[in-house]
Amino acid sequence: MTPLTQTPQWQALAAHREMIGTRHLNDFFAADPQRFDRLSLRCGDLLADFSKQRVNADTLALLVALAEARDLSGFLRRMRAGEAINTTENRAALHIALRAERPCHVDGKDVLPDVRATRARMRAVSDAIRAGVWRGSGGHAINAIVNLGVGGSDLGPRMAAQALGAHANVNAGAKLKTRFVANLDPAEFADTVRDLDPARTLFIVSSKTFTTQETLANARAAKTWLGAAADPARHFLAVSNNIPAAQAFGIPAQNCFALPEWVGGRFSLWSAIGLPLACAIGMDAFEAMLAGAREMDDHFFSAPLSENLPVTMALIGLWNTDFLGAGSLAILPYAHRLALLPAYLQQLEMESNGKRVTLDGRNVGCATAPIVWGAAGSIGQHAFHQLLYQGTRTVPIDFIVPLGDAGPEQSALVANALAQSAALMRGQSPEAARRQLLAAGKPQAEADRLTPHLACPGNQPSTTLLLPRLTPRALGSLIALYEHKVAAQGCLWDINSFDQWGVEYGKQMGREIQPRLNGKQDDDNNIDASSAGLLAAIRAMRKS
C-alpha cells in the first residue's frame, strides 16, 4: 500500500489546509448559516454536531476521498466477515459478534451460538446473585461483588457500572454493592473490602490469560481475606480464555466463563467481562446496552461514508491530529456518572492507535492517536478550561451531554455545556474585552492594560454529542461509536488497532527488574545507569 502521506488524497488535504489556513470558526458560520444542519448526524437517539469543527464541505469531501483511497469500506467488510484484521496476532477483531443477532463467522464457524450460550449463563448467575439465591460458604446471601481485573478487564465494566448507577439493584431481591480492584498496590484492595463481609462477598477474577500480575496478586489477596474455610465455588467466578489456569487457582470449571480469542480486552465489555455490570444492573439492562451498540454497528456497516457517524468522527479526528497539529483530545462528559469515561477512552484510543509502524512494519510517517484526557463537566471549568480559553495549544474537545430531566440543576448543567462549546469557539476579541471593562467602570488606561488578559482567541474545535438520557441503550451506542471511530482511524493510518506489543515490552522489563529489587540479583551491569542507580538507592533506603 502506498504510504499514507504520499497519496494524492493526503497531498490534496495538505494543500487545502494551506488554503483555509487559520480561518476562524466564526467565519465558517458567517459564510454558511445552515452549517449546523449540514454538519450534524444522527444514529438512533444520538445526535453528533460537528459544526464547531474547523472543516467545511470541501474538507469533508477530501477526507472521504482519503477514506475511499484507503479502502475503508473494504476494511469494514473484512472486519464484519470475521477476517484476521489483527494481523500481528492473526486474529479476527469481532467484538461486534458479542452483541449481534445474526450469524458471525470466524474461520468458517458461526460464533453466535457460543455467544448466546455465554449470555444465558451470565443471566443465570446474575439472576441468582441478585435474587439472593447464590450464597456464601456460611449460608448467607451474597451482597457484594468485587471485580478483580486491570485494563480492559476493569475499565469497561467499572466505567459502565458507574454510568448506569441509577439502574443498579432495580428489581433485585438483594441489594448488591459492586466494586472494582485493579491496582497492584495492596492499598486499593484493602480500601475496597474494608467494610465488606467475607461471608457475603463474591469475587470475579477477570483476566484473559489468567497470568496478569496485578489481577493474580489481588486474587491471592482475596483468598487470604476470605480465609481458609471459604469454599472457592461459593466465592469466586472467573472470566478467562485460560480455564485450566483458573481451575489450578481453585476456581471450579462450572464457575468459569470463557473469553473468545477474537476479542481484545479493551473491546470486551460486551462479553462475560461485563458480568459484574450484569450483576449490578440486571441482564435485561445489560442486553439493552448490547442493543444500543448493535444499532450503532448497523449504522457503521451500512451508512455511506459521508453520512457515517463513526467514520466522520474518525476523519475529523485525523484532520485535527495530522493537519491542525492537535496533540490531544479532551473528553468532557457533562454528567457525573460518566466521570470515568475519559479514562476508559484513554485505553480504547491510546492503546489501540498509539502505534508508529504500519501493518507491513514501515514508519507511519505522521502522528497517530492523540493523548486522550478529560473530566466531568462542569468541574473541569474550574480546573483546566483556562488553558482551553487562553493557552497556546489547539485542543479538540468532545462534549458529551445527556439531557436528562428538565429540572433547574440539570438545565444549568446542559446550559454550561452549550455555553462552553460556544465560548471556546467564538472567543472574545480585544475590542469586546475592552468594552466589557469600560462597561464595568474601569478607567480607559486600566481597561487598556487589562484587555489582553481578558481576550480569548476562540477557534477551539469541538464536537457535541447529545443523548436524551443516560440509559443502558444510549451508553451502548456511545461506546460503540468510539470503538468504530478507533477502528476506522486504524485503517486510515494503516496500523493495527487490535494489538498492544508495547505494553508487553513494559511487562517484560518489570519481570526483569523485580528480582533485583528484592535483592535476589545484585549484578546491575547489564541495565541502564538510571535504573541501576535507582535500584541502589532503593536498597539503601530499605536497609536504613
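Here are a few short exercises on the structure above, each with a worked solution.

This is a predicted model, where local features need pLDDT of at least 70 and side-chain atom pairs count only at pLDDT 80 or more, while totals for chains, interfaces and linings use all residues. Residues are numbered from 1 along each chain as its sequence is written, and side-chain values use heavy atoms, with hydrogens and water left out.

**Exercise 1.** Work out why the protein chain counts as being as compact as a globular protein of its length.

*Solution.* Start with the parts: the protein chain has 22 helices and 13 strands (DSSP runs, H or I of at least four residues for helices, E of at least two for strands, numbered from the N terminus). Next, take the radius of gyration, which is 25 Å, and set it beside the 24 Å from the globule rule for 544 residues; the two are close, so the chain is as compact as a globular protein of that length. (The radius is taken over C-alpha atoms, and the rule is 2.2 Å times the number of residues to the power 0.38.)

**Exercise 2.** Find which residues of helix α19 are buried and which are exposed on the other side.

*Solution.* Buried means under 20% relative accessible area, exposed over 50% and partly exposed in between, with a 1.4 Å probe and protein chains only. In α19 (residues 444-454), Ala447, Leu450 and Thr451 are buried. They cover an arc of only 135° around the axis, so they sit on the same side of α19 (the arc is that of directions from the helix axis to the C-beta atoms). Now turn to the other side: Ala445, Pro452 and His453 are exposed there.

**Exercise 3.** Which helix do the buried residues of α19 pack against?

*Solution.* Look for contacts, meaning heavy atoms within 4.5 Å. The partner is α18 (430-439).
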